[in-house]
Each structure stands twice: as C-alpha cells, then as structure tokens.
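Got your viewer open? Load the model below and keep the selection tool handy.

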Amino acid sequence: MIEKDHSRRNELMVKRFVDFFTLLNVSIDGVQFNKDYQKALGTYYCLNEFALEVILALKPHCKQYAASNGSKVAQLGKLKGTGLYDLFDDIFISEDVGYEKPDITYFNYIKEKTHYDPDTTIIIGDSLTSDIKGGENAGIDTCYFNPGHQKNTSQAVTYEIDKLIEVLDIVK
C-alpha cells in the first residue's frame, strides 16, 4: 500500500498496528508503538552471505549506493549494525527522498544526486515490485536477488541470482 501511495506512508505504518491490535481487542497508542517497533527493527539484522565480500570487492571499481523504502531509523540501524553504512558511497532512504521505489521520481532524485549513467548502472534487489519495477522505470538493468527461488513474475529482470557472490560475475 505504501508503494502505491507514499503520501500516506506515516498513516499506513501506524494503521497496520492499530488494525492488528484492534482485532485482538487490545488498545494501543499506534504512533508510539510504530516508533518503538521501527527502533527495535533497526537492532535486528542478519548480513546476507557474501554481502560484505561483494561490496568490498567492488568498492575500488564502482560507486555503490543503498536504496531503501524502509524506515530511516530501522535502515540506518541495520546498516550501522552490520558495518555496511560506511562502505556505501551514499544512502537513499525513501523517507528522506520523499518518494518510494518504484516511483521514477525516486530514481530521478538519485540520478540527480549521483549522476549515474543508466547504461552502466544496475539495481540489485529482492523485491519485484519495488526494486525490479523501479529499475525498469528508470531504464537500468536489474538483478533479482532470489535466494528463496520465488516465482519470477517480472519481465524486467535482467539477471537473477540466488547468492550475492554471483554479482561479481555480472558486474565486471
């Protein structure tokens, strides 16, 4: 829902908890619960196998950016906790950008800030609806990270991998 209507992002993030707890007949402060949840979410992370190795191997050869629709507090907590925060050339969180992936405006914002060349840029992501669709909207190659072997329903996937180390064979 947030991908479709970014203008209601904050409302929707709170509403999901209010709706859930209402089903359980539990009264909560939805705004505070969401704040607490986002903060806690930022302390839970698991670095994907080969993520650090791939980022370090590519660092001397290309610019690398993190692009996320996640909440700022959660995403920054995860990036700092895993040690990846300082390895990216920049980090673009939709909350700061003002638009969500797959909106072309999100990618235009990043292009304006980084001056990336669509012909030599690839987005690597695990979401067909935000990462891959966004890459398609921006006219850049896409790499669907699909370790769970989910059904690929997108025509926009340029590459599909199930291990991050495979990125090194794609980005040469």
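**Stop one: a salt bridge in α1**

Select Lys15 and Asp19: their side chains meet in a salt bridge, 2.5 Å from N to O. Keep in mind that you're looking at a predicted model. Both residues lie in helix α1, four residues apart, or about one turn of the helix. Lysine 15 is partly exposed at 36% relative accessible area, and aspartate 19 counts as partly exposed at 36% too.

Stay on the helix and pick Leu23, which is found in α1 (residues 9-23). Leucine 23 counts as exposed because its relative accessible area is 72%, and the cut-off is over 50%. Now add Phe20, Leu24 and Val26 to Leu23, and you have a nonpolar surface patch of about 410 Å².

**Stop two: bridges across the chain**

The structure holds six salt bridges. Next, select Lys59 and Asp89, whose closest N and O atoms are 4.0 Å apart in a salt bridge. This pair links distant parts of the chain, 30 residues apart: lysine 59 sits in the loop between α3 and β1, aspartate 89 in the loop between α4 and β2.

Then go to Asp96 and Lys72, another salt bridge, at 3.4 Å from N to O. Here helix α5 (residues 94-97) provides aspartate 96 and helix α4 provides lysine 72, 24 residues apart. Aspartate 96 is partly exposed at 46%, and lysine 72 is partly exposed at 32%.

**Last stop: Gln75**

What does the side chain of glutamine 75 make a polar contact with? Select Gln75 in α4 (residues 72-82) and look for the side chain of serine 68, 3.0 Å away. Beyond its neighbours within four places in sequence, glutamine 75 is in contact with Ser68, Gly70 and Ile93.

Conventions
Residues numbered from 1 in each chain as written. Predicted model: local features only at pLDDT ≥ 70, side-chain atom pairs only at ≥ 80, totals over all residues. Heavy atoms only, no water. Helix = DSSP H or I, 4+ residues; strand = E, 2+ residues; numbered from the N terminus. Polar contact = N/O pair within 3.5 Å; in protein donor to acceptor, adjacent residues only side chain to side chain. Contact = heavy atoms within 4.5 Å. Patch = residues over 30% accessible without salt bridge, like charges linked within 9 Å, V, L, I, M, F, W, Y side chains within 5 Å. Areas by Shrake-Rupley, 256 points an atom, 1.4 Å probe, with all protein chains shown as cover. Buried < 20%, exposed > 50% of the residue type's maximum accessible area, 1.4 Å probe, protein only.
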